[in-house]
Amino acid sequence: MSQETIIVENLSKTYQVPEREGGFGAAVKSFFKRTYTDVKAVQQVNFRITQGEVVGFLGPNGAGKTTTLKMLAGLLHPTGGTANVLGFTPWQLKTDYLRSMTLVMGQRNRLAWDIPAADSFLLAQAIYRLPDDEYKKTYKELDELLELEPLMKKPVRNLSLGERMKCEIAAGLLHRPKVLFLDEPTIGLDITGQARIREFLREYNKRTGATILLTSHYMADVTALCERIIIIHHGQLKYDGSITDLSRRIAPFKLIGVQLGYSNGHDLSRYGEPVQNEEDAEKHYIQVKAEDVTRVTSRMLSELPIHDITIADPPIEDVIERAFNE
Amino acid sequence: MLKIFQRLWIVNWAEQWQYRANSLMYLLYWLVSPIVHVAVWTSIANANGSVNGLTANDFVNYYLLLLIVDQFTSNITIHIFAYKVQDGSLSGELVKPIHPMLTNTLITNIAFKTMMLIGFVPVWIFLAVIFKPDFASVTWQGVLLAVPAILLGFIVNFLLSGAVSSIAFWTTRVYSINEFYFALFVLFSGQFVPLQLMPKTIQAIAHYLPFQLQIYFPIQLIQNKLSPAEILQGFLIGFIWLGVVILLFKWVWREGVKRFSAVGA
């Protein structure tokens, strides 16, 4: 029978953040009496994950994903609730627990920056007390999946972001952890890089039966890998269920961005709902239903003086806002 | 465990090697103050015959031995460790099944010392040629006794620095606390001047503090200045401090890690 690997009950984390107004007076005042505001990063979160599941932890920046992940990895003490991973309370940082899980956080690094990754790998072998034959076997498997060999002898700082991420993930898996916590494993990677990492994680999960919990704010990561999704927003659990149910709930929209040849006098609202995009002020954006994209773009192309056009998924923040705050 | 230390050494040594120019600069900086002290005190002693009973040769002796002792007993834990808490990179170490301070930071210290030693040896010989010390009072017994004293001095001060750096778990920044710690060290260790030149009260206080274990006590042993009873008392004080700093470090570490909010990452 399948076993529950991760049990989270009413898990909460409140940060106390020092706060003061700007200016000299306030600075003096805060020296004597600091005022704090409570930031509720995670509130009363509950979920259970079975052995071998790959679960996507989705939410906008600041939603509480990483905080939850850090508590499960043992780096943070919660302010309330309990968690049990593989029978351990993570934040007691028991050696046996640390040996059977891994935490991979973006660039943050299992690899020493100035020297070849090979040396860091050998250090990991010693730290996790892996016998030579076992280590070699695991390394060979990882090399097969990630093509590590050509990267091993270069100083880590000379690797590209994607190459470094591959090495980081591999370094975190040498000890064959039973539970993987991955924080944004594909951040900063190009499309091919992202796809490779996803492909690898899927394969790894199939081969080893490891439980994987990964955060991302790329929808694509999650749809490619996970059957189950947990959405967290403003520290609260908003959704826990299958991805198919979720897509039924979220009406699929696309963003069309256009750069127009001359004056801005065009009324785009007749094509779709105009939206603001602060990152790219050059372009005008509208939001349309996914099924209408082809029809709307061809209409726009024939009717407007378009210099440039892009079609993209709306940011996950918007999707979640739309799905859960209506 | 031996294998862990061995591989940590490989990684840390390779990293030190990357920063060798940096280490040499640090070495020069670290040499300046003792050299200036030798020059100043010897000229005063030469002019007056002696200072508080210390001759010019005593001063040359003291500072040249100080360079050696300090080379072995000092540590750079605060500089290595605090920024890891500050920028959150400690997270990566905390989730590994080894103690970050007692393995990695310790080995980083040793690798740094070894790198320094490469530059230090020729410089020391050069200084010895210039100042021509007379090491007549130094005996083998003294040197042999100084070896465990130097080891004790290193361990006590490493753990104490470890506890001080761990304050970063609460305050994130520890540089001002470090300045304060360093001021105490300079005053009570014998780093600036031999302690016998200090006012009697300060000498008495220094005698019972851990800082002199790092400088003054080993030098006195090498120079054969202590009676058997004083030697015994010195080691006794050292071992009591060892017990105290082990407990202190354990406690500060445990409570600190609880508070660690894994900044940044």
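**Entry 1: domains of chain A**

I looked up the domain assignment of chain A and found domain 1 at 4-248 and domain 2 at 252-323. I note here that this is a predicted model. I then checked how the two domains of chain A are placed: their centres, taken over C-alpha atoms, are 34 Å apart.

**Entry 2: a sheet in chain A**

I next traced an open sheet of 4 strands in chain A, and I recorded its order as β11-β12-β10-β13, with antiparallel pairing. Its edge strands are β11 (273-275) and β13 (306-312) of chain A, each of which pairs on one side only. From one strand to the next, I read an average twist of 30°.

I followed one pairing in this chain further. Strand β12 of chain A covers residues 284-289 and pairs with β11(A) in the antiparallel sense over 3 bridges. Which residue in β12(A) is the bridge partner of P274(A)? I found I286(A) in that place.

**Entry 3: two helices in chain B**

I turned to helix α3 (residues 56-73) and helix α6 (residues 100-131) of chain B, whose axes come within 11 Å and cross at roughly 175°. Because angles over 145 degrees count as roughly antiparallel, I entered α3(B) as roughly antiparallel to α6(B).

I then listed the residues that meet between these helices. On the α3(B) side they are V60(B), L64(B), L67(B), I68(B), Q71(B), F72(B) and T73(B). On the α6(B) side I noted K113(B), M116(B), L117(B), F120(B), W124(B), L127(B), A128(B) and F131(B). I sorted the residues of this contact by type and obtained 12 nonpolar, 2 polar and 1 charged.

Methods
Residues are numbered from 1 along each chain as its sequence is written. Chains are lettered from A and ligands numbered from 1 in the order in which they are written. This is a predicted model: local features need pLDDT of at least 70, side-chain atom pairs count only at pLDDT 80 or more; totals for chains, interfaces and linings use all residues. Side-chain values use heavy atoms; hydrogens and water are left out. Domain bounds come from an automatic or database domain assignment. Axes are lines fitted to C-alpha atoms, for helices over the stretch in contact, and angles run from 0 to 180 degrees between N-to-C directions. Angles under 35 degrees count as roughly parallel, over 145 as roughly antiparallel, 65 to 115 as roughly perpendicular and the rest as oblique. Contact means heavy atoms within 4.5 Å. Ala, Val, Leu, Ile, Met, Phe, Trp, Tyr, Cys and Pro count as nonpolar, Asp, Glu, Lys and Arg as charged, and the others, Gly among them, as polar. Two strands pair if DSSP finds at least two bridges between them.
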